[in-house]
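Student: Can you show me how to read the voids in a protein model? I'd like to start with the enclosed space and then move to the open ones.

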Amino acid sequence: MPASVRWLAAVVLVLCSCGDATPPGSWTSAPPLPQERYEAHAMALRGRIYFFGGITDLCPPGESACVSDHVDVFDPTARQWSPGPPLPPEAPRHHLAMAQVGDTIYLLGGFTGILAAQNFMPLATTFSFDGTTWRRLADQPLARGSATAEAIGGKIYVAGGGIAEPDARADLYAYDPSSDTWAARAPMPTAREHVASCPLADTMLVVGGWLGDRTVVHSAESYDPATDHWTTLPDLPTARGGLGARPLRGICFAIGGEEWSGPLPGTFADVQGFDPRSGRWTTYAPLPHARHGLGVAALGDSLYAVGGGDIRGNSYTTLVEIFTP
């Protein structure tokens with residue numbers, strides 16, 4: 001075989017091998033949730049996973065969907081779920097924005113109500129939670145749901161969301177727990193809801209989401225609280241809303257999601273990670289079960305993908321799957 005032919009064959013082999021490469025990371029199953037629900041929120045606190053609120057189909061007779069005030073707590077050592085203190089009566093129930101400062105979790109608005117019965121109703125109520133007790137704080141300036149929140153430098157930043165379903169806002173407000181006060185900051189370049197975020201290197205990376213007509217977006221934008229400035233980053237490879245996101249090992253992982261155009265099920269198993277050191281997205285092993293409205297929490301060297309719906313819109317699972325990069 002001539003040398004030129006051998007060289008071409010080698011190039012083709014390398015290209016084919018790259019295309020068949022297995023994406024990094026692996027998934028394992030964990031014990032299922034006690035109550036199936038979606039559009040809830042997962043957070044890690046003191047070595048446990050907390051799963052807050054959501055929408056469920058475990059309802060009184062005559063109701064096909066209802067809101068949940070449940071808080072379920074997972075102990076990874078015992079591999080068991082147990083009930084935690086439920087959401088306060090004045091708190092939102094689903095599409096929550098939540099963030100953590102030290103050993104305190106903050107709930108910063110969301111929706112209550114169900115579309116078929118009374119529409120989603122946005123609430124501006126803010127609460128802190130130490131694992132045992134809920135405490136009411138100053139209301140947000142804007143009542144909204146489907147927003148996202150992150151804690152950076154001891155303050156919490158709440159971005160996007162909407163005052164109805166569907167709706168999309170660019171608003172950004174900062175909450176200072178030390179003074180229990182809110183302040184307006186520079187709005188996002190792209191107004192969107194059903195959005196997710198990660199805190200990365202003293203910035204807030206906001207990824208994906210829906211526009212006001214439920215069109216999914218690729219947008220990835222980073223907010224620097226020190227300068228009150230947004231920077232546009234390389235697009236999220238798979239446009240989607242209703243996704244979850246959490247940082248691990250300095251990478252922001254965007255997991256699952258949903259779109260309204262196209263055939264059912266309309267859900268995503270995609271897992272993509274953004275590394276600010278390289279400025280690039282990498283594709284990782286997909287979710288074993290495509291879902292939207294799931295909670296994602298980081299604990300140790302793993303990410304927990306909790307609950308969510310397997311079909312666009314109202315759908316419910318008890319799935320808990322653990323990702324290790």
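Tutor: Sure, let's walk through the cavity and then the pockets of this predicted model.

Student: How many cavities of 30 Å³ or more does the structure hold?

Tutor: A cavity is a place where a 1.4 Å probe fits but cannot get out. Here there is 1 of 30 Å³ or more, and its volume is about 340 Å³. The lining comprises 25 residues, with His41, Leu96, Val195, Leu243 and Leu294 closest to the centre.

Student: Which strands each supply at least two residues of that lining?

Tutor: Look at β2 (41-45), β12 (148-152), β16 (196-200), β20 (244-248) and β24 (295-299). As for chemistry, the cavity lining has 12 nonpolar, 10 polar and 3 charged residues.

Student: Okay, now the open ones. What volume does the largest pocket have?

Tutor: A pocket is an open set of points, unlike a cavity. The largest pocket comes out at about 260 Å³. Its lining has 21 residues, and Tyr38, Ile55, Leu115, Phe120 and Asn314 sit nearest the centre. Helix α2 (residues 115-118) gives the most to this lining, 3 residues. Sorted by class, you get 10 nonpolar, 6 polar and 5 charged.

Student: And which residues are closest to the centre of the second largest pocket?

Tutor: That pocket has a volume of about 160 Å³. Of its 13 lining residues, Met43, Ala44, Gln100, Glu150 and Arg246 are the closest to the centre. Two or more lining residues come from each of β2, β8 (98-101), β12 and β24. The class split is 10 nonpolar, 1 polar and 2 charged.

Note on methods
Residues are numbered from 1 along each chain as its sequence is written. This is a predicted model: local features need pLDDT of at least 70, side-chain atom pairs count only at pLDDT 80 or more; totals for chains, interfaces and linings use all residues. Side-chain values use heavy atoms; hydrogens and water are left out. On a 1 Å grid over the protein atoms alone, a cavity is a set of points where a 1.4 Å probe fits but cannot get out, and a pocket is an open set with protein on both sides within 12 Å along at least five of seven lines; lining residues have an atom within 4 Å of a point. Grid points are joined across faces, edges and corners, and a volume is the space filled by probe spheres set on the points. Helices (H or I, at least four residues) and strands (E, at least two) are DSSP runs, numbered from the N terminus. Ala, Val, Leu, Ile, Met, Phe, Trp, Tyr, Cys and Pro count as nonpolar, Asp, Glu, Lys and Arg as charged, and the others, Gly among them, as polar.
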